[in-house]
Amino acid sequence: MSRLRTWAVRRVMGRLRIDDDIVRHLSTFQRLGETFDLESPGEMLPIGARTVFRALRTRAAAQIGPDWIWPYWLENQLDPTSPAFVPRGHLPFLTNVTARNWTAIGNVASTWEAIVDPRGLVTTWFDGWSLDWWIGGDDRWYLPSREPPSRMRQQLVGGTPVVETAMRIPGGEAVHRAYAIAGDDEFAMVEIENRSRVPFALALAVRPYNPEGLAVIERIELHDDTTVTVDGRVALLLPKPPPRAAASTFRDGDSAGIILRGEAPVGGEFPTRLRDEAGMAQAAFVYPLPHTATLRVALPLVASKRTRRRSLTRRRVERAPSYPSTVPTPAQVARGWVAQSSGGLRFEVPDARLQEAIEANCRFLLVLHDGADITPGPSTYHRFWFRDATYLLAALDRYGFHAQAAEVLATYPDRQRVDGFFLSQPREWDANGCALWALAEHWRLSRDRELLEATVGAVAKGAHWIERKRATKRRNDPELYGLLPAGVSAEHLGPFDYFYWDDFWGVAGLRAAAELLAAAGEHDAARAAGRDADSFWADVKASLGYVATRLGTDAIPAGPRRHIDAGSIGSLVACDPLRLMAADESRIMSTAAVIRERFTLGDAFFQAISHTGLGTYLTMQLA
């Protein structure tokens, strides 16, 4: 064990080329008053290093800042009377494990999305600061993250990516709406409406946290009384100078205390150089909001790099877009989304909630489509993986958005290595099968010959890669013979291992390649891919037979070396969507039965591996 001080951390980070935000998370952790022991630092600095260090800082700050106003999830995880309370014991980490249900807002013209938490906390940048909203009534201040559920409600406006959060206050409600707009510049807009019979005070608070943990804010500045910068980046555009403002550092305490005590100075005086080495700077801007009045602020969706150079900050402010002269209302944006999604497939079902869910999911698919990319979510999940793209693109194609699906699929040859591997992450051996199946599914639904001809070379290379990969090491173990090597695969399957999921996608990918090659007139290559698919499928079925004898059940485990566990749900992919096995085949029926019996909580699948909890998309897989 070696105690790492800030200088040592920076040296280690520099050698391992970890990004600057991770350095900031760990170095500012030291200034919160704690140190920690770290063994074998090289093993702790992969992609998840940012999450680890964020969780370390969050635990430290929460312990020594009990009077702070925290986000909704943290308020509940710290409250021993809350059902979401999480005991921490000796664990040095604290992260959101109880309210990971934020909502994306974005638009079809942008590759960026903001997120809104269940109480209206808006975060525009990955791992960045958030904008909170507090309402000052005649009797007290109302804080969304602390109000009981009976005072709060949240909904989508018309089943669109416009999120409305309402808080009950004396005389009516304060209503918060968040949505994205595009034009020459891209903004997340936050609107607060006074839907009560009396005026109230509105505090818009720049907070050093987000729905996953603490963020690092070292500097906040107010320029020309209306432009707020956070660590040298233009972060918030105010429609007019705030009558009152408050700002503070971690050492001086939460600026919320100044607001709640009514001590924010009149005239909106703001510190000229607010700096916090602990990375916990925060500020709040207070406006009066009369009965029926509305106030809107703009948050740039695209983040520039952090800087400590005041000259660069000034230049950014000078070049920054001004507050939009024309801002569409939330109702107008919602109507735009309805029009945008009306060109595709339409479902009409009697149940109103189901109808809205279908329509909302279509629109959020379009939010997640980012031109040449499509991602499984915003923020942490704003990254391309072939596995997730396969399901998302198939959904787009079924909704009739063939052009959007083709825009992503057209990039697949550029995502392929020289050896034929479709790479989104090393050792994900399902990737080629996923890519080939997605291309074939698009062909089946659209008959897009232009895309077919542009990708046929990549299809042939991808098919050859699958056959070579499974044959690279002929294994003596009959349960492994002819299968793809051990790899990382889907996160719900568990640690590095051999996975039937990879093999099912591999077989389906070869069959898809045969179909595409035949359609392109490459009949010899199509027949070869078909023979490879049959040979691969024979090896998979032989392995399943050996494993069934060993386990004494037809239920399919996650892999040939596994027992029946929650990862078995991945094996249902052989039935849907791949159609390698029929729904009434004994292996599928047995697998579904054991999952329902052992791995569900109520009607939902309980994911006991990796991201533990009720698994929404895996419940849909079971359905």
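**Exercise 1. The nonpolar cores**

Which residues of the largest nonpolar core touch the most other members?

Solution. The structure is a predicted model, and in it the largest nonpolar core has 102 residues, of which Leu-393, Tyr-412 and Phe-504 touch the most other members. The largest share of this core, 12 residues, is supplied by helix α13, which spans residues 500-519. Turning next to Leu-393, and leaving aside residues up to four places away in sequence, one finds that Leu-393 touches Ile-374, Ala-405, Val-408, Leu-409 and Tyr-412. A second core, separate from this one, has 46 residues, among them Ala-174, Ile-192, Ala-235 and Ala-293.

**Exercise 2. Confidence along the chain**

Find the stretches over which pLDDT stays under 50, and set them beside the mean for the chain.

Solution. Begin with the whole protein chain, whose mean pLDDT is 91, with 93% of the residues reaching 70 or more. Then take residues 1-17, over which pLDDT stays under 50, although the model has 27 contacts for them beyond four places in sequence. Residues 36-47 also have a pLDDT below 50, and the model gives this stretch 24 contacts beyond near neighbours in sequence. Where pLDDT is low, the predicted coordinates should not be read in detail.

**Exercise 3. Salt bridges and their surroundings**

For the pairs Arg-140 with Glu-147, Glu-173 with Arg-153, and Arg-306 with Asp-231, work out the N to O distance in each salt bridge and decide whether each partner is buried or partly exposed.

Solution. Side chains of opposite charge can pair when their charged atoms come close. With a cut-off of 4 Å between a side-chain nitrogen of Lys or Arg and a carboxyl oxygen of Asp or Glu, the count comes to 37 salt bridges.

Step 1. The side chains of Arg-140 and Glu-147 meet in a salt bridge at 3.1 Å, N to O. Arg-140 has a relative accessible area of 34% and is therefore partly exposed, whereas Glu-147, at 6%, is buried.

Step 2. Glu-173 and Arg-153 form a salt bridge in which the closest N and O atoms are 3.0 Å apart. Because Glu-173 lies in strand β10 (residues 172-181) and Arg-153 in strand β8 (residues 152-156), this pair ties together parts that are 20 residues apart in sequence. Glu-173 counts as buried at 18% relative accessibility, while Arg-153 counts as partly exposed at 32%. Both residues also belong to a network of salt bridges that links them with Glu-164, Arg-177, Glu-191, Glu-193, Arg-195 and Arg-296.

Step 3. In the salt bridge between Arg-306 and Asp-231, the closest N and O atoms are 2.2 Å apart. This pair links distant parts of the chain, 75 residues apart, with Arg-306 in the loop between β21 (294-300) and α6 (310-319) and Asp-231 in the loop between β16 (227-230) and β17 (233-237). Arg-306 is buried at 16% relative accessibility, and Asp-231 is buried too, with a relative accessible area of 3%.

**Exercise 4. Positions at the surface**

Identify the residues that make the nonpolar surface patch of about 300 Å², and then determine whether Gly-343 is buried or exposed.

Solution. The patch is made by Leu-601, Phe-606 and Leu-614. Of these, Phe-606 is found in strand β25, residues 604-607, and its relative accessibility of 33% makes it partly exposed. Gly-343 sits in the loop between α7 (330-341) and α8 (352-368) and, at 67% relative accessibility, counts as exposed. Its C-alpha atom is separated by 39 Å from that of Ala-593, a residue 250 places away along the chain.

Key:
Residues numbered from 1 in each chain as written. Predicted model: local features only at pLDDT ≥ 70, side-chain atom pairs only at ≥ 80, totals over all residues. Heavy atoms only, no water. Patch = residues over 30% accessible without salt bridge, like charges linked within 9 Å, V, L, I, M, F, W, Y side chains within 5 Å. Areas by Shrake-Rupley, 256 points an atom, 1.4 Å probe, with all protein chains shown as cover. Helix = DSSP H or I, 4+ residues; strand = E, 2+ residues; numbered from the N terminus. Buried < 20%, exposed > 50% of the residue type's maximum accessible area, 1.4 Å probe, protein only. Core = buried A, V, L, I, M, F, W, Y, C linked by side-chain atoms within 4.5 Å. Contact = heavy atoms within 4.5 Å. pLDDT = per-residue confidence, 0-100.
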